[in-house]
Amino acid sequence: MEMDWDRLAGLVERHLTDAPRYTSYPTAPAWREDYGPRELGRALEASGGSEEPLSLYAHVPFCRSLCHFCACNRVITRDPALPERYLDAIEREVEAVRSRMGGERPVSQLHWGGGTPTHLAPDQIRRLFRALTAAWRLREGAEVSIEVDPRVTTVEHVHTLRACGFNRLSLGVQDFDPRVQAAVHRIQPLETTAELTAEARAAGFGSVGYDLIYGLPFQTEASFARTLETILELAPDRVAIYGYAHVTWVAKQQRGFERTDLPEPAERIRLLVLAVRRLLKGGYVHVGMDHFARPGDELARAQQQGRLRRNFMGYTTQPGIELLGFGPSAISELRDGYAQSRRDLAGWEEAVRKEGLATFRGHRLSEEDRARREVISGLMCQGEVDAGRYRDRFGRDFSRDFAPELEALAPLEAEGLVERRTDGGLRVTGLGRLFVRNVAMCFDAYLPGQRAAGRRVFSRTV
């Protein structure tokens, strides 16, 4: 059935709000700062007896220059001493975690993000990779991925990554329009991205993904349409289209974007609708929220087979496994809750040097947290809540447990974004998958209090 694109634009405008991305539940603003290294150490010891595979994440915070749209945790530097000190500290952190948990469990997912992981030189990449995989054995067929900046990623980087065992690259693209690139201080010629894509495929990477951003200064429907056509020609395996998050309370450099430079809200909505329309027409599958993949991609297959999962690295095919995070600001997701390390590089290094761990906040999951996490995860990944599965896991009735939340969803149900299942569960419709954050937030018990506090902590849904 042909999508009513004008109706979609109207729905987006009506349901525009601030909301979490739900890479966890509860989300990080609900965590407490009385959760420190001692609490994480106990959680690691409690998880040590499991034989389930692990997921590992390394945060590499360094960038050569500042992209003005960016609100990530990063350190702008060209000082070669900083990466060496970082590697010294992260090796100590890895050993501290391994000594508390043990190193017997296999790893089925390894991901590096940043910052710019390929800010590290090839020999530094090998050193970090050895530190992680010497502590925990990489399982055959594991997903090993990394985020790269095409402007600083060399052919030697590509072959070093492939030789280590990386099999998936995610390239930061954002937009190919020269005026937009100049405005956000990220000059990246098309040829740079195309050449790196070709080099990665020739080296044997099984998946190459692109990250785009809509809502950037000076973007128009015409300019973004050209970027999207170029994307379709380059044919990445995955495409993520993020809305620009204007969070000046986090990223002060964004204050340089004059209001006249940013697309008006209506134009921003049209940019999203344009992107969705072009990608679907180009043969991509809408995996979830703002992620698209080619039909043969593992993410698309996992979604179709009900195996899609979500963690702090985004959508993944990995089952609900425990995640160990390393580096400044990195988050660990363990059986009993979450723990985050200090964000600032110097503070993280000092804490690791003194205690081995740099935890500054975390959260212990309650039984209610677990139930709500199950519901939100089902919505975000599978687009549904299976009432039978909920009953089997928690011994309770989903529709009775969440009667107020289901009542609050009535307006979305009337608009065809969600529907009740015959078993008493809930399903997000195909159209509703673009609004899944709006659906999930109805089940977030912490969100009303966070909003009442008056602090802006979440990005816009569009």
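**Helices, strands and two buried residues**

Modeller: In this predicted model, helix H3 and helix H4 (residues 122–135) pack with their axes 10 Å apart, at an angle of about 5°. Axes are lines fitted to C-alpha atoms, for helices over the stretch in contact, and angles run from 0 to 180 degrees between N-to-C directions.

Colleague: Why is H3 called roughly parallel to H4?

Modeller: Angles under 35 degrees count as roughly parallel, over 145 as roughly antiparallel, 65 to 115 as roughly perpendicular and the rest as oblique. The angle here is about 5°, so H3 is roughly parallel to H4.

Colleague: Which residues of H3 and H4 make the contact?

Modeller: Contact means heavy atoms within 4.5 Å. On the H3 side they include Pro83, Tyr86, Leu87 and Arg98, and on the H4 side Gln124, Arg127 and Leu128 are among them. The contact residues divide into nine nonpolar, one polar and five charged.

Modeller: Features are local where pLDDT is at least 70, side-chain atom pairs count only at pLDDT 80 or more, and totals for chains, interfaces and linings use all residues. Residues are numbered from 1 along each chain as its sequence is written, and side-chain values use heavy atoms, without hydrogens and water.

Colleague: How do you know that the length of H3 agrees with its number of residues?

Modeller: The expected span is 1.5 Å times one less than the number of residues. For the 21 residues of H3 (residues 81–101) that gives 30 Å, and the end C-alpha atoms are 31 Å apart, which agrees. H3 is followed by Gly102, whose phi is positive, near 95°.

Colleague: Why is Ser341 called buried?

Modeller: Buried means under 20% relative accessible area, exposed over 50%, partly exposed in between (1.4 Å probe, protein chains only). Ser341 has 6%, so Ser341 is buried. Ser341 lies in strand E15 (residues 337–341). Among the residues that Ser341 touches, beyond four places in sequence, are Glu93, Trp348 and Phe360. Glu93 of H3 is buried too.

Colleague: What makes Thr27 count as buried?

Modeller: Its relative accessibility is 7%, so Thr27 counts as buried. Thr27 is in the loop between helix H1 (5–14) and helix H2 (37–47). Beyond four places in sequence, Thr27 is in contact with Pro20, Tyr22, Gln450 and Phe458.

Colleague: How do you know that E17 pairs with E19?

Modeller: Two strands pair if DSSP finds at least two bridges between them. Two bridges join E17 to strand E19 (residues 426–428), and these strands run antiparallel. Glu384 stands opposite Arg427 in E19.

Notes: Helices (H or I, at least four residues) and strands (E, at least two) are DSSP runs, numbered from the N terminus. Ala, Val, Leu, Ile, Met, Phe, Trp, Tyr, Cys and Pro count as nonpolar, Asp, Glu, Lys and Arg as charged, and the others, Gly among them, as polar.
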